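Q: Please take a close look at a single part of this model and set it in its surroundings. A connected account suited to a first-year student would be welcome.

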Amino acid sequence: MPEPKNCPFSVVLENVTFAYGENSALKSVSLEVRKQERFGIIGPSGAGKSTLLLHLNGLLRGEGRVIIEGLELRKETLAEVRKRVGLVFQNPDDQLFNPTVEEDIAFGLLNMEINKEKIRIMIKDTLRLMNLEGFEGRTSHHLSFGERKRVALATVLAMQPDVIAFDEPFSNLDPATIKQFIKTIKNLDATVLIVSQQILPVLACCDRIAVMNEGTILKVGSPDEIMADKALLEKCRLDVSFYADIFKNHLS
Amino acid sequence: MKHDYLDKYSGLDSVLRRLDPRTKIFAFFSAIVIIVSEPKGELFPFIFYSVALGSLIMAGRIPLKFVLSRCLIASPFILMAALLLPLSLLFSGPIKSDVFSVNMAALSGSILLKAYSALILVVLLTSTDKFHRLLKGLRSLGMPSVLGAMSALMYRYIFILNDERLRTNRARESRTPGRLKISRFKVLGHQAAMIFLRSWDRAHTVYQSMLSRGFDGSFPEFEGLAFHRRDLVFIIGFFIIMSVIRIYA
């Protein structure tokens, strides 16, 4: 029962509410993300950002509606939605569970029932895209953290999802790798959602940003609009203007 | 964190490494059955078995030190069995004539040698192939898929558990200048509980990531296994050698 993808928005959330036991994590969150948009969600720890991300492909199900490429997430559409939304987890070790890089990338594709010969080509293409040529037979727990992070992204990219959602993609990476990741994210042929506490890389690669705190979205705007609202950033413990002072002091 | 202690030598190129995992599983388990079927107290054939096993270790390019260290880990259990089993035979009910027909020392010795031979064969098996290929081999030889999936996940979670163990060890040692002043058992107990909780949490996230890529309970196979002529030659040759030792030695 595949539904058409010709809607203006890739992701639509309508009044999504979720609680862990008695702890409310999302309070009636509504959001619209346009096709091919780079959309950032920033907020302090415990704001509900990762919980929101897990709703996108049905790993968590709360109240309200989640619509991906025009297809509402329901029990019967779950498999199709999971094909359309790729999640890249914060810790690559959580994402890589197969014995070799090749089999880790093939895992999602085999679940999509793609022909093995085609899978082989897709793996090669994805590894080339991620500068990981020759890594097919490598074991993930023998790779460096940066390499594992790239393999984790490759496992999702290979499935060619319409939406790619990143959970803290810039954590534990050195500045050069962050720069490389920003470039990769900008060039992705998909709608991209990024959840992060690190504002600067999000500013560098997103068209719009939502500020989240205590399970609600407080503001959505362009990077300039968000950065101009100092009161909001301070309230959410996200103010990074002190970095500017540090730069100024050391450059002068 | 990087780990290579479980399949340390499985990536080495060697004659044994190039064999199909099913060949090795079948040949080595057959050899275990042949060795274990040696009569009680028989020691002489083990001279020939040790030559055969030594040749396999050389063909697998596995350092002898590594094989011995693995044997050392299992030694307490093997020694206990070698010492207690003859005694249990001696003290269980009416004494059977065949128990006395063999020397007790020879009986212990044969148990010891059988156990170490079996252990060396298992070490050889796990050191000359990647764990996931062995699992594939077992699955294609008829191991239930549920058991295969469980073993594959268990193998993955060993690394998670060890990661957590190393992290908590570092945290403990970094705040322990000199000797530990608190009860070691108390600290280790807390550490074990924390490792378990953290691993459980991470295992849950791993499962979520599997679900997000369409996992429905089954592990689809990507790379198949290939049985070559060299596998057939190895099985026949190895089987003949072991049978000859068993029958004529």
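A: The account below begins with one helix of chain A and then moves outward to the rest of the model.

The model is a predicted one. The part chosen is helix H4 of chain A, which covers residues 101-111. A residue counts as buried here if 20 or more other C-beta atoms lie within 10 Å of its own. Eleven of the eleven residues of H4(A) are buried, so this helix is largely enclosed by the rest of the structure. The buried residues begin with A:Val101, A:Glu102, A:Glu103 and A:Asp104. They continue with A:Ile105, A:Ala106, A:Phe107, A:Gly108, A:Leu109, A:Leu110 and A:Asn111. The cover over these residues includes two further helices of chain A, namely H5 (116-129) and H6 (145-157). After H4(A) comes A:Glu113, whose phi is positive and near 60°. Most residues other than glycine have a negative phi.

The surroundings of H4(A) also involve the other chain. In the contact between the chains, chain A contributes 22 residues and chain B contributes 22 residues. On the side of chain A that touches chain B, helix H2 (78-84), helix H3 (92-95) and H4 each supply at least two residues. H4(A) gives the most to that side, with six residues. By residue class, the side of chain A that touches chain B holds eleven nonpolar, seven polar and four charged residues. H4(A) is thus a helix whose residues are buried and one that takes part in the contact with chain B.

The nonpolar cores come next. The largest of them has 72 residues. A:Val88, A:Ala154, A:Val163, A:Ala165 and A:Leu193 are the residues with the most contacts inside this core. A:Leu193 serves as an example: apart from its neighbours within four places in sequence, A:Leu193 is in contact with A:Val11, A:Val33, A:Phe39, A:Ile41, A:Val163, A:Ala165 and A:Phe166. A second, separate core has 28 residues, and B:Ile111, B:Ile120, B:Leu125 and B:Met242 are among them.

Three other places in chain A show how the setting of a residue can be described. A:Val211 belongs to strand E9, residues 208-213. With 24 other C-beta atoms within 10 Å, A:Val211 is buried. Beyond its neighbours within four places in sequence, A:Val211 has contacts with A:Ile42, A:Gly43, A:Leu218, A:Lys219, A:Ile226, A:Leu232 and A:Cys236. A:Ser28, in strand E2 (residues 23-34) of chain A, has a positive phi near 50° and is not a glycine. A:Ser28 is partly exposed, for it has 15 other C-beta atoms within 10 Å. A:Asn131 lies in the loop between H5 and H6 of chain A. The phi of A:Asn131 is likewise positive, about 55°, although this residue is not a glycine. A:Asn131 counts as exposed, with 11 C-beta neighbours inside 10 Å.

The partner chain completes the picture. Chain B has nine helices and zero strands. Of its 249 residues, 24% count as buried. Among the contacts in chain B between residues at least 6 apart in sequence, 87% join residues at least 24 apart. One pair of helices in chain B may be examined more closely. The axes of H1(B), residues 21-36, and H5(B), residues 104-127, come within 9 Å and cross at roughly 175°. H1(B) is therefore roughly antiparallel to H5(B). In this pair, B:Lys24, B:Ile25, B:Phe28, B:Ala31, B:Ile32, B:Ile35 and B:Val36 of H1(B) meet B:Lys114, B:Ser117, B:Ala118, B:Leu121, B:Leu124 and B:Leu125 of H5(B). Ten of the residues in this contact are nonpolar, one is polar and two are charged.

Chain B is also divided into domains. Its domain assignment gives domain 1 (21-138 + 226-248) and domain 2 (144-212). Taken over C-alpha atoms, the centres of these two domains of chain B are 33 Å apart. Four residues from domain 1 of chain B and four from domain 2 of chain B make up their contact. On the domain 1 side, three of the residues are nonpolar, one is polar and none is charged.

Note on methods. Residues are numbered from 1 along each chain as its sequence is written. Chains are lettered from A and ligands numbered from 1 in the order in which they are written. This is a predicted model: local features need pLDDT of at least 70, side-chain atom pairs count only at pLDDT 80 or more; totals for chains, interfaces and linings use all residues. Helices (H or I, at least four residues) and strands (E, at least two) are DSSP runs, numbered from the N terminus. A residue is buried if 20 or more other C-beta atoms lie within 10 Å of its own, exposed if 12 or fewer, and partly exposed in between; C-beta atoms are placed from the backbone. Two residues are in contact if their C-beta atoms, placed from the backbone, lie within 7 Å. Axes are lines fitted to C-alpha atoms, for helices over the stretch in contact, and angles run from 0 to 180 degrees between N-to-C directions. Angles under 35 degrees count as roughly parallel, over 145 as roughly antiparallel, 65 to 115 as roughly perpendicular and the rest as oblique. Ala, Val, Leu, Ile, Met, Phe, Trp, Tyr, Cys and Pro count as nonpolar, Asp, Glu, Lys and Arg as charged, and the others, Gly among them, as polar. Domain bounds come from an automatic or database domain assignment. A nonpolar core is a set of buried Ala, Val, Leu, Ile, Met, Phe, Trp, Tyr and Cys residues joined through C-beta atoms within 7 Å.
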